[in-house]
Amino acid sequence: MTMVRTEDLVSVEMPETEVVEVVFEHPSEWALRRDRLPHIWCSGCGIGIAVNAFVAAIKQANIDLDKLCVVSGIGCSGRVAGYMNCNSFHTTHGRAIPFAVGLHLANPELIVTVFSGDGDIIAIGGNHFIHAARRNVDLLVICINNFNYGMTGGQSGPTTHLRGRTTTTPYGNPEYPFNLPRLAAAAGAVYVARWTVLDLGRLRNSIAEAFQKRGFRFIEVISPCPTNYGRRNRLGEALDELRRYKERTVIKHFAPLEECELSLDGPIVVGKFVDIERPTLLDMIRAQQKRFEESEEGEQ
Amino acid sequence: MARREEALEVKFWQEMPSPEQIWQDLPEELKALLPEDWQARKEWIFELWALQNGISVVISAFVQAVRQAEIDTQKLCVVSAVGCLTPVYEALKCDCFRVHQGRSVPFGIGLHLGNPSLKVAVLSDDSDILALGGNHIIHAARRNLDMLVICLHELALDGRDEQPPFNLPYLLSVCGAPYIARWTVFHWDNLRRTIAESLYKRGFRFIEVLMPTLFTEEPSELMEALNSFVGRTVVKHFASSETEGDLTGEQIVVGKFVDTEKLTFLDLMEREIFSQFA
């Protein structure tokens, strides 16, 4: 290897050519709104990875962007709807699922997806969540779980680990956290999966698989929050957190859901936990309508 | 808990007794708990006991259980919300609170955290606890707050419910409640014993009371439906709530589902936070 002095390079005469502008397009750009970017997420946040997997899954499942609706609530992951170049809705805090139920019932042809965080879906909208799962409304719910309310400054939420330190629990969290896949399965969801943001390909395949199913589908995505949760719990930088995922993740499909509890030091059991078939809300309503019409004809 | 061996049969009162007759038939334990001016409130006594649904059963079982467990009624708080069990706040001579619909559980949480020496009981029905306040109850069960929740769950017998009902013991056990039981309004004695037992437990105790409802004007049809409902119930303790707790199946499993010990919210506060300053 020889060093070249810059004076030598300047003397070389370049032939005059036309300037061709090469636009490098990001592989996910076809589904994103370029004018809304750059995004607001901190460096090291896992939500962008989840969005990337979501966009790749849309391509993999051949979903028409005109038919796709993305509904988000408030929070860091509530921004996802704003960046998606489809029918996207940014709703009030906790009300992403009821808004999506309305969309679905008004126009059942739409493919309705709820993309929001744990503070939105489970904390304030927990009742909507369990009731939508019980009714088996035809929705795909992707819940980004970063164990705290990231956007508002890292307050504790219903998924914060026991002894996890946040802004509002500086001496450790005294509450037991929710086991989200188990709650969804108990409420009646037909498809329940959990992945970390490190399992990018598996997450993409899982979302693409869930697009093909009907009923209430729930995917929990465990994401690092290095700015708030990781910093207060000494989890290191974002890369350290991803390394922890690599060490602690156990892939176990159809695992007994009581084994899937999350703790600060324990293993993270990921995989597809529930995949069943059940009549959806719309099926029930149509069957009832049919019965009613038949009984009316019989009476006449 | 003793298992009831004889077959249950539902009796139907064709004629409603007079309020004076109801008062004479009331057990002494209940009379002691009733307010002094009961005679001025004849209407609700009549309503309470003449209604042929499960409300009077739940209230009387609760009163008898409080009596049996020898709970100090000065320390007992009963919270009820808008719904079928609203008369409870008039019926009992202890601290009763009637609050907004859906907010009985958070009100009880506030009472408990404000004065942990109180025994807090929430008596309400599914429209309050489940429909409107479903989020409050799953989060209270997750935190394992020290309170007793009795939920009257109305089941439609004629299949009008197009949507499947919640499997409540499973949902609450997933949320982490350490004591879960289920009875119907026809298991009065078992319900009384369970409430008396749970009044001495700690943590989030949940008792579901199934009440069948039927919209019919024909008494014989009603009796037939109720008897077939009672025939479907099977008493089985510590059954798996996931597989056997379903209400849509052929048989309805009643009994005590979960009875474990678990650190409550205040225990964890003591262990995790206050210990750091000791």
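The legends below describe close-up views of a predicted model. Local features need pLDDT of at least 70 and side-chain atom pairs count only at pLDDT 80 or more, whereas totals for chains, interfaces and linings use all residues. Residues are numbered from 1 along each chain as its sequence is written, with chains lettered from A and ligands numbered from 1 in the order in which they are written.

**View 1. The open sheet of chain B.** Eight strands (DSSP runs of E, at least two residues, numbered from the N terminus) follow the order β2-β1-β3-β4-β6-β5-β8-β7 with mixed pairing, where a pair requires at least two DSSP bridges. Because β2 (95–99) and β7 (233–235) of chain B each have a single partner strand, one side of each is left without a neighbour in the sheet.

**View 2. The pairing of β5 and β6 in chain B.** Strand β5 (residues 179–184) and strand β6 (residues 204–213) of chain B run parallel to each other over 6 bridges, and B:A181 stands opposite B:I207 in β6(B).

**View 3. Helix α9 of chain B on the sheet.** Helix α9 (residues 168–175; helices are DSSP runs of H or I, at least four residues) of chain B lies across β4, β5, β6 and β8 (252–259) of chain B. Its direction is at about 170° to that of β5(B), with axes fitted to C-alpha atoms, for helices over the stretch in contact (C-beta atoms, placed from the backbone, within 7 Å), and angles from 0 to 180 degrees between N-to-C directions.

**View 4. Surroundings of B:I150.** Leaving aside residues up to four places away in sequence, B:I150 touches B:V58, B:F62, B:A121, B:V122, B:L123, B:I207 and B:V209.

Notes:
Two residues are in contact if their C-beta atoms, placed from the backbone, lie within 7 Å.
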